[in-house]
Amino acid sequence: MTDPQNMKFQVPVTLVSEAGSPRLAGNTCENVVSQVIYEIETNGTFGIQKVFVSFGQTNLTVEPGTSFQQQFIIRFRAFQQSPAASLLGPRSGNPGYIVGKPLLSLTDDISHAMTLLRSQGDGTCSVKRHKVQFGVNAMSGCKFRLKKLDCSHLQQEIYETLHGRPRPEHVGIFGNADPAQKGEWTRIFSRNCSVSAMHCTSCCFIPVSLEIQVLWAYIGLQSNPQAHVSRARFLYQCQSIQDSQQVTEVSLTTIVTFVDITQKPEPPRGHPRIDWKLPFDFFFPFKVAFSKGMDSQKGSVSLILILCILLLGLLILETK
């Protein structure tokens with residue numbers, strides 16, 4: 001671009017790696033540019049959005065007959081408009097979910113896999129978690145060590161331990177759900193523990209179990225059905241602990257259940273039976289006689305004899 005007036009059509013070139021100044025040390029030329037790499041980000045019909053350049057350098061010994069070859073590389077890549085697009089993980093299907101692949105969830109435009117509790121060697125809750133696999137029912141648990149916190153903070157920490165951080169807000173309808181497309185996600189219904197029924201002033205009502213229910217179904221052609229998620233919900237169960245009790249740990253449990261709600265169509269009916277309607281002719285009785293089963297074979301013989309006699313009588317009449 002040489003016209004400085006058209007600023008809106010200009011794209012700045014960003015220098016990724018600074019090239020050192022070349023210098024001669026004895027018979028060695030240092031910081032010789034051996035490679036130039038251009039990376040160009042494009043956005044479809046909107047054209048070039050960003051350009052990056054980086055240099056590779058080497059030292060060259062100057063001797064008679066020395067040859068040197070430079071490399072110029074140009075790479076094109078798709079321009080990503082939102083941070084969510086760059087954080088998009090691998091697909092779990094295209095478009096339908098594949099059994100055993102991670103169940104996609106969304107939190108603040110960031111896609112991640114839904115997870116379950118995972119225990120360490122001593123049974124306590126681990127920072128690492130199991131991924132929820134689509135179509136696979138699972139149950140896991142661990143021991144949570146209680147800390148000296150007030151009841152509200154303790155409840156919040158256990159809730160985060162059960163559902164993971166960050167808390168899933170939506171679940172992907174298909175295995176290739178895009179975080180930028182809100183219509184490809186469905187909200188997770190959540191039912192926390194009800195503390196209104198508790199009239200205890202010296203106890204704390206904490207969650208101890210989370211059940212994740214996922215309703216899914218096959219849609220599309222029977223020859224190529226695609227699995228999609230219809231609904232998902234979190235159901236918590238709680239128990240109370242007394243402040244006077246010296247409780248140091250509680251057992252936490254997470255359960256995931258997949259329910260198939262596919263409405264299968266009626267099976268196709270068989271081919272219609274052909275009802276032969278033959279014209280009334282002389283050979284029709286013979287066809288009927290030969291079409292009888294083995295049970296009526298004796299009766300058929302007598303009928304055939306009678307018909308043969310009638311046939312001979314007609315032939316005799318015609319010859320006279």
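Two strands count as paired if DSSP finds at least two bridges between them. By that rule, strand E3 (residues 28–42) and strand E4 (residues 48–61) pair in the antiparallel sense, over 12 bridges. The model in which this pairing is found is a predicted one.

The protein as a whole has four helices and 16 strands. Of its 320 residues, 29% are buried. The accessible surface comes to about 22400 Å², and carbon and sulfur atoms account for 56% of that surface. Among contacts between residues at least 6 apart in sequence, 66% join residues at least 24 apart.

E4 is a convenient place to start. Strands of a sheet pair through backbone hydrogen bonds, and the pairing is either parallel or antiparallel. Besides its antiparallel pairing with E3, E4 pairs in the parallel sense with strand E1 (residues 13–15), over three bridges. Valine 53 of E4 takes part in both pairings: leucine 15 stands opposite valine 53, and tyrosine 38 has valine 53 as its bridge partner.

Further along the chain there is an open sheet of five strands, in the order E10-E16-E14-E15-E13, with mixed pairing. E10 and strand E13 (189–191) are the edge strands, each pairing on one side only. From one strand to the next, the twist averages 15 degrees. Within this sheet, E14 and strand E15 (residues 226–242) pair in the antiparallel sense over 16 bridges. One of the residue pairs is proline 207 with cysteine 238, the latter being the bridge partner in E15. Helix H2 packs on the sheet, where it touches E10, E14, E15 and strand E16 (249–260). The direction of H2 makes about 30 degrees with that of E14.

The disulfides come next. A disulfide is a covalent bond between the sulfur atoms of two cysteines. A search of the whole structure finds two of them.

One disulfide joins cysteine 151 to cysteine 204, with an S to S distance of 2.0 Å. The link of cysteine 151 and cysteine 204 is right-handed, with 90 degrees about the S-S bond. Cysteine 151 lies in helix H2 (residues 151–163) and cysteine 204 in strand E14 (residues 203–219), so the bond ties together parts that are 53 residues apart in sequence. H2 and E14 are also in contact through the packing of the helix on the sheet. The two cysteines can be sorted by the cut-off for burial, which is under 20% relative accessible area. Cysteine 204 has a relative accessible area of 5%, so it is buried. Cysteine 151, at 29%, is partly exposed.

The other disulfide joins cysteine 125 to cysteine 142, with an S to S distance of 1.9 Å. The link of cysteine 125 and cysteine 142 is also right-handed, with 80 degrees about the S-S bond. Cysteine 125 sits in the loop between strand E8 (115–116) and strand E9 (130–131), while cysteine 142 belongs to strand E10 (residues 138–145); the two are 17 residues apart. Cysteine 142 is therefore on a strand that forms an edge of the five-stranded sheet. Both cysteine 125 and cysteine 142 are buried.

Cysteine 29 can be placed by the same cut-off, since burial requires under 20% relative accessible area. At 24% relative accessibility, cysteine 29 counts as partly exposed.

Technical notes
Residues numbered from 1 in each chain as written. Predicted model: local features only at pLDDT ≥ 70, side-chain atom pairs only at ≥ 80, totals over all residues. Heavy atoms only, no water. Disulfide = S-S within 2.5 Å. Buried < 20%, exposed > 50% of the residue type's maximum accessible area, 1.4 Å probe, protein only. Contact = heavy atoms within 4.5 Å. Areas by Shrake-Rupley, 256 points an atom, 1.4 Å probe, with all protein chains shown as cover. Axes fitted to C-alpha atoms, helices over the stretch in contact; angles between N-to-C directions.
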